[in-house]
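Dear colleague,

I am passing on a structure that you have not worked with before, together with some notes on what I found in it. Please keep the view open while you read.

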Amino acid sequence: MRGLSTGLILTATAAASPFVYTLPPDQYREAVDYHRWLNGLHFAGAALQLAVLAALVALRAGPRLAARLRAPRVAAMVLGVVFAAGLPVDAARHWVLLRYGMSTQGWPDWFADTLKSAAVTGALAVVLLPAGITLVRRWRLGWIAAWAVATLLAIAGAWAAPVYFDPLFSNFRPLAESRPALVAPLAEVCRRAGYPVPPSRMFEMDASQTSRAVNAYMTGLGASRRIVIWDTAIQVLTVPQIQTVFAHEVGHYAQGHIALGIAAASAGMLLAAWLARLLLRRRSGQPIPLILLLLSALGFLSEPVANSASRWMERQADIYELEAMQGLVPDPGRNSAETDQILSAIDREDPEPGPFIRFWRYDHPPVAERMEFARTYRPHRH
Ligand SMILES: [Zn+2]
């Protein structure tokens with residue numbers, strides 16, 4: 001009921017302010033239901049994964065398997081069981097995306113992508129997990145070494161993601177090739193922001209192959225840093241709206257948010273390595289299920305921490321965007337809010353996320369907050 005009444009109020013004020021996130025009543029209801037599903041499945045998936053790993057620990061699956069198999073095979077089997085157990089939840093998520101029209105990807109294609117993704121992460125884990133456990137067990141400072149290696153791998157992964165990993169799932173083209181007319185307006189944003197992003201680091205992604213969602217993001221590290229705009233976003237936005245989206249990404253780029261994220265993740269991994277050392281000291285036998293349980297639990301519990309940090313970075317990027325757009329459009333706040341409205345309505349952004357969901361799952365401030373921020377923001381310049 002609360003949702004419906006707020007929805008009607010929001011709809012009623014639609015004509016009055018371009019700074020209020022509004023949806024027609026039927027879409028409002030759908031957006032709320034859609035996010036109930038996604039949130040429910042997120043927590044169900046996490047609970048299921050933790051329960052499966054806890055069961056494997058309780059059944060002493062590690063030591064039993066270790067009697068017959070070497071550590072990498074034990075890791076592969078345990079990860080295979082976790083993957084298989086989680087598959088129904090993953091499938092339910094895809095079903096929700098199809099049902100609410102957010103995905104256009106058929107089931108065989110979805111399954112191929114899911115397997116590909118699991119194979120890449122699984123292959124890495126099968127090698128790294130037993131090696132890390134050996135390191136921590138054999139040497140007093142092994143946990144520090146394991147942490148240092150994990151941090152180096154995170155850095156390498158952030159560098160490699162846009163070059164080697166992302167192209168497994170989507171096609172990317174330099175914006176200068178796919179939309180040459182956009183390069184000059186985006187270069188103008190960089191000029192105003194005082195931060196050059198060369199056109200060779202601007203890309204378009206063919207998201208429309210599998211999705212109806214709209215997005216843009218900054219990715220990569222060092223030589224692989226780039227800004228990617230989804231073709232779905234370019235199709236629905238005007239040039240000033242694409243400029244404001246781009247200015248936000250330049251904010252992430254210029255402020256080194258990927259490096260900051262890695263530093264924060266590295267701090268979390270130090271805690272994980274220290275806890276792993278404590279656990280491994282007290283236990284003998286094959287500990288792969290136990291260590292995976294520890295990492296999964298920490299991963300789940302770190303979600304609200306990582307998301308709070310992300311929300312702070314998003315606010316910094318929004319400020320950067322509103323500053324960079326000064327003088328490019330008559331009213332940067334309004335241009336930003338109108339862009340948010342268009343993108344969020346297509347993405348079925350939740351118009352009324354509760355406080356717990358906002359705290360635990362939101363890596364961006366809720367769209368209504370961002371639009372209100374755009375309305376009240378007073379620029380430093382001009
Ligand atoms: Zn952002």
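In which sense do strand E3 and strand E4 pair, and over how many bridges? Strand E3 (residues 216-219) and strand E4 (residues 226-230) pair in the antiparallel sense, and four bridges hold the pairing. Helices (H or I, at least four residues) and strands (E, at least two) are DSSP runs, numbered from the N terminus, and two strands count as paired if DSSP finds at least two bridges between them.

Before going further, please note that this is a predicted model, in which local features need pLDDT of at least 70 and side-chain atom pairs count only at pLDDT 80 or more, while totals for chains, interfaces and linings use all residues. Residues are numbered from 1 along each chain as its sequence is written.

Within the pairing of E3 and E4, Tyr217 has Val228 as its bridge partner, and Thr219 stands opposite Arg226. The hairpin of these two strands has six residues between them, and Gly220 takes a positive phi near 85 degrees there.

The wider setting is an open sheet of four strands in the order E1-E2-E4-E3, with mixed pairing. Its edge strands are E1 (172-174) and E3, each of which pairs on one side only. On the other side of the hairpin pairing, strand E2 (residues 202-205) runs parallel to E4 and is joined to it by four bridges, with Met205 opposite Trp230.

Is E4 enclosed or open? Five of the five residues of E4 are buried, so the strand is largely enclosed by the rest of the structure; a residue is buried if 20 or more other C-beta atoms lie within 10 Å of its own, exposed if 12 or fewer, and partly exposed in between, with C-beta atoms placed from the backbone. Both faces are covered, with Arg226, Val228 and Trp230 on one side and Ile227 and Ile229 on the other.

Pro174, which lies in strand E1, is partly exposed, with 16 other C-beta atoms within 10 Å. Leaving aside neighbours within four places in sequence, Pro174 is in contact (C-beta atoms, placed from the backbone, within 7 Å) with Ser200, Met202 and Phe203.

Turning to the interior, the largest nonpolar core has 43 residues, of which Val189, Ile227, Ile229, Ala233, Phe246, Ala247 and Val250 touch the most other members. Such a core is a set of buried Ala, Val, Leu, Ile, Met, Phe, Trp, Tyr and Cys residues joined through C-beta atoms within 7 Å. Helix H10 (residues 239-254) contributes the largest share of this core, six residues. A second, separate core of 26 residues includes Val52, Ile133, Trp143 and Ala273.

Finally, the axes of helix H8 (residues 180-193) and H10 come within 9 Å and cross at roughly 50 degrees, which makes H8 oblique to H10. Axes here are lines fitted to C-alpha atoms, for helices over the stretch in contact, with angles from 0 to 180 degrees between N-to-C directions; those under 35 degrees count as roughly parallel, over 145 as roughly antiparallel, 65 to 115 as roughly perpendicular and the rest as oblique. Among the residues that make the contact are Leu182, Val189 and Ala193 of H8 and Ile242, Phe246 and Val250 of H10.

With best wishes

Conventions
Contact = placed C-beta atoms within 7 Å.
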